[in-house]
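Trainee: I am new to this structure and would like a close look at a single part of it. Please take one sheet and show how its strands are arranged, with some background on the chain as a whole.

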Amino acid sequence: MRIRHIEPIPLRYPIPGGAYGSARGMTPARVTTLVRLESDEGLVGLGEAVGPPLVVAAQVRELAPLFAGQDPFDWEVIWSRALNGMYHWSRSGILVGALSGIEIACWDLMGKAVELPAAKLLGGWNRDSVPLYASTGYFTEQPGGYRALLEAVAAEGHKRLKIKIGDGIASDLERIALAVEIVGPGAELMVDVNGNYTADLALRLAAELDPRRVLWLEEPLPPEDLAGYQRLRDGTSIPLAAGEAEALRLGFRELISRRLLDVVQPDITSCGGLGEAKAIVRMAQSWNLRFSPHVWGGAVALAAALQLCAAVAPYPHVAREAAPIYLEYDRGPNALREELATAPFVIEGDRVRVPTGPGLGIELDWDAVARYRIAG
């Protein structure tokens, strides 16, 4: 089998009613880039890449000649040659995002070729479903928008959720209190600063958090502030989570080897793809750290994250998983997540079933793709 054609598909979904986002800023639209690989046998593999879609699409086209005519089962060799041959360009960002999308599509293509889920090729099937948390509580432009988002996830029955904070300690505590009030007894929270604090502010915030209720404090500091992470690590027992802004196992090396985190959060669509994400998980396990994928893309990104979670081997536990892998289940309005797949993801209580079809386990509605495709 050979890769015959590589096509980037840039997508944009304007958010109805106004922008939402984090303490770092708002977004008026959800965007992503699909990557479609076609083999000489007529099979189609799907990937997804993070980043500004027109720029990512151009980068995918630049990389396409390196993969065209190649066997997708040789993905790691081709991927490594591309990354190392272009090391002057970047070791993260658009280049690695585009490589991630192509690499994910290779796994989908390989799975379809042998009629197995990608998880089977990644190391084996370890779980049929993954516990989720509702990623919500965004900053919004609408009056009462934060409350409305919380009420929506409460109506869906979610008790485990992540909310956005980072607008100052007083605001953070108000947002946390409202989340607990609306979700009700048994609420479990992750709180996400999106790297908007300095270490002194993050320490003040951590001192105010209830470790019995807050499952983790996410991205309290900008990703480059490793000294700040060390200061925070030494000053709080609240679990720390981060990694969505990192790429490749090299980007995670210091965070993991210095134990600056408790929960490692690679994003498959930007860290290098499924194979690299699995390597990052293995590295985290080597230092006895937990893993939870960052997922804030479309349907293909969510399917890829589920395949990775299914393939993660148990460690250190065997029979009893004291702290499970949690899947980020974004609840912000996003047609690129909700409308592109021909069949919805199956939610059973607080868990998402892993698709069992070949490759990533999903197929796309190409009419829906066409609705959100942008020229370029």
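**The chain and one of its sheets**

Mentor: In this predicted model, the mean position of the 37 positive charges of the protein chain and that of the 46 negative charges are 3 Å apart. The chain that carries these charges has 14 helices and 16 strands.

Some of those strands make up the part to look at. Three strands form an open sheet in the order 3-2-7, and their pairing is antiparallel. Strand 3, residues 25-27, and strand 7, residues 139-140, are the edge strands, since each of them pairs on one side only. Strand 2 covers residues 20-22, and three bridges join strand 2 to strand 3 in the antiparallel sense. To follow that pairing in the structure, start at Tyr20: its bridge partner in strand 3 is Thr27.

Now the chain around this sheet. Within the protein chain, counting contacts with a separation of 6 or more, 75% are between residues 24 or more positions apart. The overall dimensions come next. For 376 residues, a compact globule would have a radius of gyration near 21 Å, and the protein chain agrees with this because its value is 20 Å. Along the principal axes, the C-alpha atoms fill a box of roughly 60 × 45 × 45 Å.

Last, burial and surface. Of the 376 residues, 57% count as buried. The accessible surface of the chain is about 14900 Å², and carbon and sulfur atoms account for 51% of that area.

Key
Residues numbered from 1 in each chain as written. Predicted model: local features only at pLDDT ≥ 70, side-chain atom pairs only at ≥ 80, totals over all residues. Heavy atoms only, no water. Helix = DSSP H or I, 4+ residues; strand = E, 2+ residues; numbered from the N terminus. Rg over C-alpha atoms; globule rule 2.2 N^0.38 Å. Buried < 20%, exposed > 50% of the residue type's maximum accessible area, 1.4 Å probe, protein only. Contact = heavy atoms within 4.5 Å. Areas by Shrake-Rupley, 256 points an atom, 1.4 Å probe, with all protein chains shown as cover. Lys, Arg positive; Asp, Glu negative; His and termini not counted. Charge placed at Lys NZ, Arg CZ, Asp CG, Glu CD. Pairing = 2+ DSSP bridges.
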